[in-house]
Amino acid sequence: MDRIDKLLASTGRWTRREAKQLIQEGRVLVDGVPAAAPEQKADPVSACVAVDGKPLSFQKYTYVMLNKPEGVVSATEDTCQQTVLDLLPPELRRRGLFPVGRLDKDSEGLLLLTNDGDLAHRLLSPKKHVDKVYYIRTDRPLTPEDQEAFASGVNLADGTVCLPAGLELLGRGDEAFVTLHEGKFHQIKRMIASRGAAVCQLKRLSMGTLVLDSSLKKGEYRLLTPEEVLKIGGNG
Ligand code: URA
């Protein structure tokens, strides 16, 4: 059971203060009866809570797919740079979302934002080996030797050994799909650097079962569908 004002605020549509105001104005019905006070409790699963006659549904967690553009940092706040949270509207920003894993400032593509800490932990845990697929463009064509090096585990400049990774060459070889089963800092850039090349463009396409929606333009977002939440193991 939760307080009504808290439940209303959890939708992200109203602040706690606005929710109290709605209750005081008699605009909130709980099972057809006007809520008496903000402290009144209701069961978010079984109670029918309506505002101005429109029933609300309370989801415990929120899952947002963002097509991250370059130039934005994968953080919840930053004193001088634009963050991925700044790309969301206030009602979503109020929900305590954070990015699941990072994309570099100059990387783009799929970023999942959620307030479901358990799911984030499961997706990022090295033990779970959740595949991440990226499109890259490099400053020179990659070769079958580079593919073999990726397949057997690249040695980074600092001595770190990466898990075997997929490298599927496209076109003339200066484009490729990279599949990682782990997530080290600047991993792809460092793997490519260890092969004597440089990454010019990097875009994440998928993370486990979650695939970037091709209809999302750079900087656009949408909520995950219930099916996507289920498949990725969320608690929608
Ligand atoms: N690897 C990188 O080097 N950068 C990213 O943003 C993601 C993977």
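## Strand pairing and the open sheet

Two strands are taken to pair if DSSP finds at least two bridges between them. In this predicted model, an open sheet of 4 strands follows the order β3-β2-β5-β6, and its pairing is antiparallel. The edges are held by β3 (33-34) and β6 (54-55), each of which has a single partner strand, so one side of each is left without a neighbour in the sheet.

At the β3 edge, strand β2 (residues 28-30) is joined to β3 by 2 bridges, the two strands running antiparallel. Within this pair, Leu29 stands opposite Pro34 in β3.

## Where the ligand sits

The ligand sits in the largest pocket, and the residues around the ligand are Leu103, Asp104, Ser107, Tyr134, His186, Gln187, Ile188, Lys189 and Leu202. By class, this shell divides into 4 nonpolar, 3 polar and 2 charged residues. Helix α6 (residues 187-194) provides the largest share of the shell, with 3 residues.

## Polar contacts and cover

Which backbone atoms lie opposite the oxygen and nitrogen atoms of the ligand? An oxygen atom of the ligand is 3.0 Å from a polar backbone atom of Lys189, and a nitrogen atom of the ligand is 3.1 Å from a polar backbone atom of Ile188. For His186, a polar backbone atom is 3.3 Å from an oxygen atom of the ligand. On its own the ligand has 240 Å² of accessible area, and the protein covers 95% of that area.

How values were computed. Residues numbered from 1 in each chain as written. Predicted model: local features only at pLDDT ≥ 70, side-chain atom pairs only at ≥ 80, totals over all residues. Heavy atoms only, no water. Near = heavy atom within 4 Å. Polar contact = N/O pair within 3.5 Å; in protein donor to acceptor, adjacent residues only side chain to side chain. Areas by Shrake-Rupley, 256 points an atom, 1.4 Å probe, with all protein chains shown as cover. 1 Å grid on protein atoms, 1.4 Å probe; cavity = no way out; pocket = protein on both sides within 12 Å on 5 of 7 lines; lining within 4 Å. Sits in = over half its atoms within 2 Å of the grid points. Nonpolar A, V, L, I, M, F, W, Y, C, P; charged D, E, K, R; others polar.
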